[in-house]
Amino acid sequence: MAVRAAVEQGLVTEDRHPIAALLDVQAIREAAGALRAAFDGVSALGQSVQHTFAVKAASLVPVLRLLADEGIGAEVASPGELALARAAGVPAGQTVLDSPAKTVSELREALVLGIALNADNPEELARLDGLITPGGPAPSPVGLRVNPQIGEGAIGAMSTATATSKFGVALHDPGAREWVVRAYRERPWLTRLHSHVGSQGMPLELMAEGARATYELAEEINAATGRRQIDTLDLGGGLPVNFGSDEMTPSFDEYARLLAATVPGLFDGRYGIVTEFGRALLAKAGTVLARVEYAKSAGGRPIAVTHAGAQIAVRTVFTPDAWPLRVAAYDAGGGPKHGDEAAQDVAGPCCFAGDLVARDRMLPRLEAGDHVGLLDTGAYYFSNPFGYNSLPWPGVYGFTVSGGGQGPESGSGAGSGRAGTADSAVNFAPVREPQSLADIVEGSGGAHRDALRDA
Ligand SMILES: *Cc1c(COP(=O)(O)O)cnc(C)c1O
């Protein structure tokens, strides 16, 4: 019903705004609640559990603010992401900095602000030696990222624990493990250990193996230093998302149970825990809604030319096998589209042939003026736009359903496409304005029109 309301309320229009993104606020809150509940057992033992949200998955200030309300901090990996987290009011104590390429001034700033950080490599640790008083505690919690080299998941580009991954200290390289243990012995202020073994495409078992390797290394380091020097394990994020149906599988709870079974020591109250989930918290809450501008055919293949393409679904367009998306068909009024299905391509507005969000997909035959919804796009889609063809970023709107239409069984999700009842209402709140043509000109050197001519 959110789709129909978005069309009725003019969020998607024929001329100025043929595409918009919708975020289901209740779904975000529920995902946050499910994450907290999954790790309740550790909190009950008196250990600190700090969940953080990987900002790159949905780099939007109101989203970070909503999650902070839900007790979820921010994992940031650039000065821009840190600025967003601060603008959202995420407390420094609930922020973790993980960039693989931190400059000296970024490191200094994080320490001054009291933001936890994880060093990526020996050179970064050496820089920190110059910023932290030897012998004293660090001004903020500092950890080291390790790569347990447990292997690759289904998507190479998402697998961060291969033998040659660019992240962290590769533990199985000759001498590396001994080097890490020594690094902790020499630096009493190094109190955390971090690993993030991959994102979408990683089997849960492999993720749990990564956590086991991290835990065992922490035990070895604490034995070597003769005290509980490492007090917190940062387990990263990476819970995969089911892009094939409305179900949220695997669940945070399933993952936490597997962790507890594989690495019981993680949950016995000796270590604080940090998590950094991104995709799993937001993906299901988002829908990209776009108008069908034309319906044509080529070589016998029907093609719906829509306003959602590579500018909003970069990964799906360039690596369609790794990132398939469900496409929902709606009519001109935003109601579910019925009728005979036909295999068709769903194309975007970009000027290159591969700009397709679905190929040969069975859908009710789309016509000009209809709408398509790209489902499960709350993470890594509209918040990571691609500046091709100077297409604007779409507006992003959070929605809540009040009255009789509430609850999943009545189809409050944007993708469910059911009509609202007379006593239910969908309320939209702007999360990000659509980018204007003036913004595009400004971002494209508009202020320097004559710069080259005068050079
Ligand atoms: C990207 C990233 C995450 C989040 O990954 P998801 O697959 O979105 O959960 C967590 N930690 C680090 C270090 C990351 O780079």
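Which pocket is the space taken by the ligand? In this predicted model, the space that the ligand takes is the second largest pocket, and that is a convenient place to begin the tour.

Select the ligand first, and then display the residues around it: 14 residues surround the ligand, and the closest among them are Lys56, Ser199, Glu276, Arg279 and Tyr380. If you colour this shell by class, you should find three nonpolar, five polar and six charged residues.

Next, pick out individual atom pairs. Start with the side chain of Lys56, where an N or O atom is 2.8 Å from an oxygen atom of the ligand. Move on to Gly238, and here show the backbone, since a backbone N or O atom of Gly238 lies 2.8 Å from an oxygen atom of the ligand. Then select Glu276, whose side chain places an N or O atom 2.7 Å from a nitrogen atom of the ligand. With these contacts on screen, switch on the surface: the ligand taken alone exposes 390 Å², and the protein buries 93% of that.

Now leave the ligand and turn to the strands. Select strand β1 (residues 19-24) together with strand β17 (residues 395-403), which run parallel and are joined by five bridges; within this pair, Ala20 stands opposite Gly395 in β17. Keep β17 selected and add strand β18 (residues 424-432), which pairs with β17 in the antiparallel sense over eight bridges. To follow this second pairing at the level of residues, label Thr400 and Asn427, where Thr400 stands opposite Asn427 in β18. Strand β17 thus pairs with β1 in parallel and with β18 in the antiparallel sense.

Notes
Residues numbered from 1 in each chain as written. Predicted model: local features only at pLDDT ≥ 70, side-chain atom pairs only at ≥ 80, totals over all residues. Heavy atoms only, no water. Near = heavy atom within 4 Å. Polar contact = N/O pair within 3.5 Å; in protein donor to acceptor, adjacent residues only side chain to side chain. Areas by Shrake-Rupley, 256 points an atom, 1.4 Å probe, with all protein chains shown as cover. 1 Å grid on protein atoms, 1.4 Å probe; cavity = no way out; pocket = protein on both sides within 12 Å on 5 of 7 lines; lining within 4 Å. Sits in = over half its atoms within 2 Å of the grid points. Nonpolar A, V, L, I, M, F, W, Y, C, P; charged D, E, K, R; others polar. Pairing = 2+ DSSP bridges. Helix = DSSP H or I, 4+ residues; strand = E, 2+ residues; numbered from the N terminus.
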